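Q: Could you take a close look at one part of this structure for me? I'd like to know how its helices pack against one another, and then what lines the pockets.

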Amino acid sequence: MLYFVDGEWVAEERARVPVSDHGFLYGDACFEGIAVCMGRVLHLDEHVERLLMSARALRITPPVGAEELRALLLEAAVRNGMAQSPSGYLRPIISRGAGPLGVSWSDRLGPARLTIIPQRSERAVAFTGAIHVLDAAVTRQRRADPHAVDPRIKSNNYLPSILAFLDARARGADVAILCDERGHVSEGHAMNVFCLRQGRLRTPPATSALEGITRRHVIETARRLGHDCREEPFTPYDLLCAEEAFVTSSLDGLAALGTVDGMRLAAPGPVTRELREAYVARALTDGVAVPAPTAEPGGSRP
């Protein structure tokens, strides 16, 4: 695999960033997770836009603009054989850059660093085949208050999600459900949550959860198919009493929840199946085709 680091395409053993990078030291960075499926990069332009908006909100000046970032992501897919691979994954990261220890140096770091990490077999993108069925547990860990860090910023600070996941795994679950300080469901540890109850499909508002790109398209799909789909608060009670529940993310696509805190749900239920089929069909149709390679990959950036 070839990684993009500091303006060069390098093999994994050479893909290194300095220990003085504040993304490593303090999580002072933002990222995106971009799915590649059947030779197509899904929601590419939306991921590019969100990454640059996250950087802007963090007051990081990106080292590249939207068009160059888009081109580099497609190049990463080409160089790593994703035109022929059934699935792949791209993770661009923008950190504030390297410098001395101490938060007080944050306004004097730079230049910002762009890294692109590709993966193939390690991360199976679940957009084709059977719908994954996952077990969920409502964790004691809380989603950070939006007054602290706006949930629309996809930052590298994932410690609450990591602790929530470890809590859920210790209880035999695959997905950790985090609530906000008021007890409303916020999101999964790395995914958005949907709940179908009494004919109404609900997902937490973007004021308390990441405004997921897959989430956005599933909402659009549900409304296009005539479902009453709302962005509004709900509690773990609604999940436990749901007819169906599912999670969405760039890796999972749309995965059903089979249990919540041990309570069994219909999984995958008829609405989950309908939405997954319709969403995937459009996502693949609208995805950006990975260009065919024109030269032997490797070496420095041309």
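A: Helix 2 and helix 5 are oblique to each other, because their packing angle is about 130 degrees and angles over 145 would be needed for roughly antiparallel. This is a predicted model, and in it the axes of these two helices lie 10 Å apart. Their crossing is right-handed. On the helix 2 side, the contact is made by Glu 46, His 47 and Arg 50, and these meet Ile 213, Arg 216 and His 217 of helix 5. Sorted by class, this contact has one nonpolar, two polar and three charged residues.

Helix 2 has another partner to look at. Its axis and that of helix 3, which spans residues 66–79, come within 10 Å and cross at roughly 125 degrees. That angle makes helix 2 oblique to helix 3. Helix 2 passes helix 3 in a right-handed crossing. From helix 2, the residues in this contact are Leu 44, Asp 45, Val 48, Leu 51 and Leu 52; from helix 3 they are Ala 66, Leu 69, Arg 70, Leu 73 and Leu 74. By class, the contact with helix 3 has eight nonpolar, no polar and two charged residues.

Now for the pockets, where both helix 2 and helix 5 turn up again. The largest pocket holds about 1,100 Å³ of space. It is lined by 47 residues, and Phe 31, Lys 154, Tyr 158, His 189 and Ala 190 are the closest to its centre. Helix 2 (44–57) and helix 5 (213–224) are among the elements that give two or more residues to this lining, and so are strand 3 (29–31), strand 6 (87–95), helix 4 (159–170), strand 10 (185–188) and strand 14 (244–249). Helix 4 gives the largest share, with four residues. The lining of the largest pocket divides into 20 nonpolar, 15 polar and 12 charged residues.

Strand 6 also takes you to the second largest pocket, as one of the elements that each supply at least two residues of its lining. The others are strand 1 (2–5), helix 1 (22–26) and strand 7 (113–119). This pocket has a volume of about 340 Å³. Of its 15 lining residues, Val 17, Phe 24, Ile 93, Thr 115 and Ile 117 lie nearest the centre. Strand 7 provides the largest share of the lining, three residues. By class, the lining of the second largest pocket has eight nonpolar, four polar and three charged residues.

Conventions:
Residues are numbered from 1 along each chain as its sequence is written. This is a predicted model: local features need pLDDT of at least 70, side-chain atom pairs count only at pLDDT 80 or more; totals for chains, interfaces and linings use all residues. Side-chain values use heavy atoms; hydrogens and water are left out. On a 1 Å grid over the protein atoms alone, a cavity is a set of points where a 1.4 Å probe fits but cannot get out, and a pocket is an open set with protein on both sides within 12 Å along at least five of seven lines; lining residues have an atom within 4 Å of a point. Grid points are joined across faces, edges and corners, and a volume is the space filled by probe spheres set on the points. Ala, Val, Leu, Ile, Met, Phe, Trp, Tyr, Cys and Pro count as nonpolar, Asp, Glu, Lys and Arg as charged, and the others, Gly among them, as polar. Axes are lines fitted to C-alpha atoms, for helices over the stretch in contact, and angles run from 0 to 180 degrees between N-to-C directions. Angles under 35 degrees count as roughly parallel, over 145 as roughly antiparallel, 65 to 115 as roughly perpendicular and the rest as oblique. A crossing is left-handed if the near helix is turned anticlockwise from the far one by less than a right angle, and right-handed if clockwise. Contact means heavy atoms within 4.5 Å.
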